[in-house]
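Hi,

Here is the structure I promised to pass on to you. Have a look at it first, and then read my notes underneath with the picture still open.

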Amino acid sequence: MNIHSIAAAPDASTPGWPELADVDLLRTLVETERRRRRLDAAMRAAVAEAERRGLAADTGYRDTVELLTDLLRISAHEARQRIEYAAPQARSRSRKVWRVLAAAS
């Protein structure tokens, strides 16, 4: 069985799931997860780039949280999580630099 091939999944709103063969359900699970990960990576990259560019200020928003809540229709909590998830390295790196500078003085 090749579980990495693409199976045509029934629409979630149509009553096709019970009729789906086991092998096709397995394929659907794998393919859906692969697509979800790609979309998640694309969203992280887009949020990180919007934050890097200062896109919120350039488009009249107070900050990236406000931009994402308005544009994506998500909560402020979800927007903050996405921003933190998109660019955790930049935040942790700046804290490390600060600790190094503080220790050197």
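Let's start with Arg35, which counts as partly exposed because its relative accessibility is 45%. Before we go further, please keep in mind that this is a predicted model.

**The overall picture**

How many helices and strands are there in the chain? You'll find 5 helices and 0 strands, so if you walk along from the N terminus the elements read α-α-α-α-α. The chain has 105 residues, and 18% of them count as buried. About 8,000 Å² of the chain is exposed, with carbon and sulfur atoms supplying 58% of that area. If you take the contacts between residues at least 6 apart in sequence, 31% of them join residues at least 24 apart.

**Helix α1**

Helix α1 covers residues 22–53. It has 32 residues and reaches 46 Å from its first C-alpha to its last, close to the 46 Å expected at 1.5 Å a residue. Just after α1 comes Gly54, which has a positive phi near 70 degrees.

Which residues of α1 are buried? They are Arg27, Thr28, Glu31, Val47 and Ala50. Their cover includes α2 (55–58), α3 and α4.

Leu26 sits in α1 as well, but with a relative accessibility of 37% it counts as partly exposed. Together with Trp17, Leu25 and Leu29, Leu26 makes a nonpolar surface patch of about 350 Å².

**Salt bridges**

The count of salt bridges comes to 12. The idea behind them is simple: side chains of opposite charge can pair when their charged atoms come close.

Try finding Glu31 in the viewer. Is Glu31 buried or exposed? Glu31 is buried, because its relative accessibility is 6% and the cut-off for buried is under 20%. Glu31 forms a salt bridge with Arg34, and their closest N and O atoms are 2.4 Å apart. It also meets the side chain of Arg35 in a salt bridge, at 2.9 Å from N to O. Arg34, at 33% relative accessibility, is partly exposed.

Why are Glu31 and Arg34 separated by about one helical turn? The reason is that they are 3 residues apart in helix α1. Glu31 and Arg35 are 4 residues apart in that helix, again about one turn. Here is the general rule to remember: an α-helix has 3.6 residues a turn, so residues three or four places apart point the same way.

For another pair, look at Asp63 and Arg62, which form a salt bridge with their closest N and O atoms 3.9 Å apart. Arg62 counts as exposed because its relative accessibility is 68%, while Asp63 is partly exposed at 29%. Back in α1, salt bridges that share partners join Glu31, Arg34 and Arg35 into one network.

**The nonpolar core**

In soluble globular proteins, nonpolar side chains tend to be buried together. Which residues make up the largest nonpolar core here? It has 9 residues in all: Val47, Ala56, Val65, Leu67, Leu68, Ile74, Ala79, Ile83 and Ala86. The elements giving two or more residues to this core are α3 and α4.

Val47 is a handy place to zoom in. If you leave aside its neighbours within four places in sequence, Val47 is in contact with Leu68, Arg82, Ile83 and Ala86.

**Around α3 and α4**

Helix α3 takes in residues 64–72, and α4 takes in 76–86. Arg73 lies in the loop between them. What is unusual to spot about the phi of Arg73? Its phi is positive, about 60 degrees, although Arg73 is not a glycine. Arg73 counts as exposed because its relative accessibility is 66%, and the cut-off for exposed is over 50%.

Arg80 is in helix α4. At 46% relative accessibility, Arg80 counts as partly exposed. How are Arg80 and Leu68 placed relative to each other, and what separates their C-alpha atoms? They are 12 residues apart along the chain, and 8.9 Å separates their C-alpha atoms.

If you only have a few minutes, I'd begin with the network of Glu31, Arg34 and Arg35, and then move on to the contacts of Val47.

Cheers

Note on methods:
Residues are numbered from 1 along each chain as its sequence is written. This is a predicted model: local features need pLDDT of at least 70, side-chain atom pairs count only at pLDDT 80 or more; totals for chains, interfaces and linings use all residues. Side-chain values use heavy atoms; hydrogens and water are left out. Buried means under 20% relative accessible area, exposed over 50%, partly exposed in between (1.4 Å probe, protein chains only). Patches are made of residues with over 30% relative accessible area and no salt bridge: like charges are joined within 9 Å, nonpolar side chains (Val, Leu, Ile, Met, Phe, Trp, Tyr) within 5 Å. Accessible areas come from the Shrake-Rupley method with a 1.4 Å probe; for residues, only the protein chains shown count as cover. A salt bridge is a side-chain nitrogen of Lys or Arg within 4 Å of a carboxyl oxygen of Asp or Glu. A nonpolar core is a set of buried Ala, Val, Leu, Ile, Met, Phe, Trp, Tyr and Cys residues joined through side-chain atoms within 4.5 Å. Contact means heavy atoms within 4.5 Å. The expected span of a helix is 1.5 Å times one less than its number of residues.
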